[in-house]
Amino acid sequence: MARLHTCTVLHTTPERRQLWQFSAQGNFPLAREQSAPSGEPLPAGLAQKSWSEIWQPKLNIAWLPADKVFLRVVQLPASTPAETRAMVELQLEKLSPFPVAQVVWSVCPLPPRPNAPVGKLQTIVVVFVERKVVEEFLGQLEGQGYLADRLELGVLDQLTTADA
């Protein structure tokens with residue numbers, strides 16, 4: 001895959017939509033920012049993809065509404081990302097607030113605490129969202145012309161950077 005050229009992040013609330021576009025040059029400087037009421041269409045140049053993305057790839061990220069997402073924090077033995085994902089998958093029925101067939105989930109490892117013993121346990125945040133919520137959210141975005149490559153939770157970045 002070619003190197004990213006731009007990254008667009010969309011944050012929606014019932015009242016407003018906030019759109020940020022970052023250039024993938026250097027430290028991802030903010031290239032453009034737009035805020036609009038929810039009823040207005042998204043700007044075509046920022047929201048839609050075109051043939052130029054074959055040569056200059058663009059990453060579209062949409063932030064899920066925080067009130068529709070459930071988080072569970074678990075501690076597991078330190079292991080590789082693939083093993084960690086498998087350990088969480090084995091415990092999904094216990095961890096998930098919904099039936100497993102109706103949920104979309106992901107894992108986010110938290111950085112180790114400064115005074116924590118090395119190599120023993122790792123802290124993982126498991127993110128759960130109802131599948132129908134994800135499908136409706138993506139449908140709304142696509143109806144507005146925004147094709148999301150990835151869904152994220154903006155609050156999760158704050159959790160991973162917080163010193164405890």
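**Cysteines, aromatic pairs and helix α2 in a predicted model**

A search of the whole structure turns up 0 disulfides. The coordinates analysed here are those of a predicted model. Two cysteines can nonetheless be placed with respect to the surface. Cys7 is buried, its relative accessible area being 9%. Cys108 also counts as buried, at 16% relative accessibility.

It helps to set these residues in the overall architecture. The protein contains 5 helices and 8 strands. Read from the N terminus, its elements follow the order β-β-β-α-β-β-α-α-β-β-α-β-α. Of the 164 residues of the protein, 33% count as buried. The exposed surface of the protein comes to about 10500 Å², and carbon and sulfur atoms supply 56% of it. Contacts across the sequence are also informative: among those between residues at least 6 apart, 58% join residues at least 24 apart.

Attention can now turn to the aromatic side chains. A pair of aromatic rings is described by the distance of the centres and the angle of the planes. In the whole structure, the search finds 2 aromatic pairs. One of them joins Trp20 and Trp63, whose ring centres are 5.5 Å apart and whose planes meet at 50 degrees, so the pair is tilted. Because Trp20 belongs to strand β2 (residues 16–23) and Trp63 to strand β4 (residues 58–63), this pair ties together parts that are 43 residues apart in sequence. As for accessibility, Trp20 counts as buried at 18%, whereas Trp63, at 23%, counts as partly exposed. The cut-off that separates these two classes is 20% relative accessible area.

Phe70 and Phe98 form an edge-to-face aromatic pair, with 5.1 Å from centre to centre and 75 degrees between the planes. Phe70 is found in strand β5 and Phe98 in the loop between α3 and β6, so this pair ties together parts that are 28 residues apart in sequence. Here, too, the partners fall into separate accessibility classes: Phe70 counts as partly exposed at 37%, while Phe98 counts as buried at 17%. Another ring is involved in an arrangement with a charge. The charged end of Arg85 sits over the ring of Trp105, 4.4 Å from the ring centre.

Helix α2 offers a clear view of how one element is placed in the fold. Which residues of helix α2 (residues 81–90) are buried? They are Thr84, Met87 and Val88. These residues cover an arc of only 100 degrees around the axis, which means that they lie on the same side of α2. The other side of α2 carries the exposed residues Ala82, Glu89 and Leu90. The buried residues of α2 pack against four named elements, two of them being β5 (69–77) and α3 (92–95). The remaining partners are β6 (103–109) and β7 (121–130).

Thr84 illustrates this packing at the level of a single residue. Thr84 lies in helix α2 and is buried, with a relative accessible area of 5%. Leaving aside residues up to four places away in sequence, Thr84 touches Leu76, Ser79, Gln122 and Ile124. Of these contact partners, Leu76 falls within the residue range of β5 (69–77), and Gln122 and Ile124 fall within that of β7 (121–130).

Definitions and conventions. Residues numbered from 1 in each chain as written. Predicted model: local features only at pLDDT ≥ 70, side-chain atom pairs only at ≥ 80, totals over all residues. Heavy atoms only, no water. Buried < 20%, exposed > 50% of the residue type's maximum accessible area, 1.4 Å probe, protein only. Helix = DSSP H or I, 4+ residues; strand = E, 2+ residues; numbered from the N terminus. Arc of directions from axis to C-beta. Contact = heavy atoms within 4.5 Å. Disulfide = S-S within 2.5 Å. Phe/Tyr/Trp six-rings, centres within 6.5 Å; stacked < 30°, edge-to-face > 60°. Lys NZ or Arg CZ within 6 Å of the ring centre and 35° of its normal. Areas by Shrake-Rupley, 256 points an atom, 1.4 Å probe, with all protein chains shown as cover.
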